[in-house]
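Reader: I have a structure here that I've never seen before. Could you walk me through it, one question at a time?

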Amino acid sequence: PKTEVHRFNLNKSEGPSNFSGAPVPVGDRLYVAGGGDLWWGKNEAWLKCLDLSANPPALRWEYTLVRHTFSTPAVHAGLVFISDCSQNLHCVDADTGQGVWTHELKGETWASPFVADGKVYIGTRRGWFHVLAATRKKEVLFESNLGSPVSATTVAANGRLYVTTMNRLLAIR
């Protein structure tokens, strides 16, 4: 009914939640990001860790994201990397759910962070490509504007990184 639609539009903490990214199983844990909805204006989003060894599975921790997310978490060396649409890349302790660091990206992200070779790679809708160390210490290794929006997650194959922008495919050795 229209009254419920109106109610959801007025209260940004209610309304449908989206799951755009995939859940990531690591050992007996499952990392999943969700909540928030771009189209309804619901900003509340989260990253959760479930303990799959419990019967039934139990919530281990929850980390609040600033805004909705389209991201699949990237888990590496005891850390979880996740982006939200408020231009932030978050590094979270995989065991405790405590925030380790946050980096403000140059544009909102629709892609997921990709971890390879000890680095986190992510592009933004403003065309910026960021490379950070996949460590507890925030270290920006590289930032460059590719001249076209990046919506897809970086992938690696055959010793190359592949970055797709809205108008070209880059292969980086």
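Author: Sure. One definition to begin with: two strands pair if DSSP finds at least two bridges between them. Keep in mind too that this is a predicted model.

Reader: Let's use that definition, then. Which residue stands opposite T164 in β15?

Author: Strand β14 covers residues 160-164, and it pairs with β15 in the antiparallel sense over four bridges. That passes the mark of at least two bridges. Opposite T164, in β15, stands L169.

Reader: And which strands stand at the edges of the open sheet that holds β14?

Author: Three strands form that open sheet, in the order β13-β14-β15, with antiparallel pairing. An edge strand here has a single partner strand, so one side of it is left without a neighbour in the sheet. From one strand to the next, the twist averages 25°. The strands at the edges are β13 (155-157) and β15 (169-172).

Reader: There's a four-stranded open sheet as well. Which are its edge strands?

Author: Its order is β5-β6-β7-β8, and the pairing is antiparallel. Neighbouring strands are turned by 20° against each other on average, direction ignored. The strands that pair on one side only are β5 (74-76) and β8.

Reader: Within that sheet, what is the bridge partner of D84 in β7?

Author: β6 and strand β7 (residues 88-93) are antiparallel and share six bridges. Look in β7 for the residue bridged to D84, and you'll find N88.

Reader: Now I'm looking at H103. Is H103 buried or exposed?

Author: H103 lies in strand β8, which covers residues 99-104. The cut-off for buried is under 20% relative accessible area. H103 has 9%, so the call is buried.

Reader: Which side chain makes a polar contact with the side chain of H103?

Author: Leaving out residues up to four places away in sequence, H103 touches several residues, including Q87, N88, H130 and E143. One side chain makes a polar contact with that of H103, at 3.1 Å. This partner is E143.

Reader: H130 was one of those neighbours. Which residue stands opposite H130 in β11?

Author: Strand β10 (residues 119-123) pairs with β11 in the antiparallel sense, over five bridges. The two form a hairpin with four residues between them, and G127 in the turn has a positive phi of about 90°. Across from H130 stands I122.

Reader: What about the other side: how many residues lie between β11 and β12 in their hairpin?

Author: β11 and strand β12 (residues 140-145) run antiparallel, joined by five bridges. One of the bridged pairs is V131 and F142. β11 and β12 also form a hairpin, and the number of residues between them is six.

Reader: How many of the six residues in β11 are buried?

Author: Strand β11 spans residues 128-133 and is mostly covered. The count of buried residues is five.

Reader: Last one: which elements give two or more residues to the largest nonpolar core?

Author: That core has twelve residues, among them Y31, L47, W61 and I82. Apart from it lies another core, of eleven residues, including L105, V120, I122 and L132. Back in the largest core, the elements that give two or more residues are β2 (29-37), β3 (42-51), β4 (58-65) and β6 (79-84).

Definitions and conventions: Residues are numbered from 1 along each chain as its sequence is written. This is a predicted model: local features need pLDDT of at least 70, side-chain atom pairs count only at pLDDT 80 or more; totals for chains, interfaces and linings use all residues. Side-chain values use heavy atoms; hydrogens and water are left out. Buried means under 20% relative accessible area, exposed over 50%, partly exposed in between (1.4 Å probe, protein chains only). A polar contact is a pair of N or O atoms within 3.5 Å; within protein, one must be able to donate a hydrogen and the other to accept it, and residues adjacent in sequence count only if both atoms are side-chain atoms. Contact means heavy atoms within 4.5 Å. A nonpolar core is a set of buried Ala, Val, Leu, Ile, Met, Phe, Trp, Tyr and Cys residues joined through side-chain atoms within 4.5 Å. Axes are lines fitted to C-alpha atoms, for helices over the stretch in contact, and angles run from 0 to 180 degrees between N-to-C directions.
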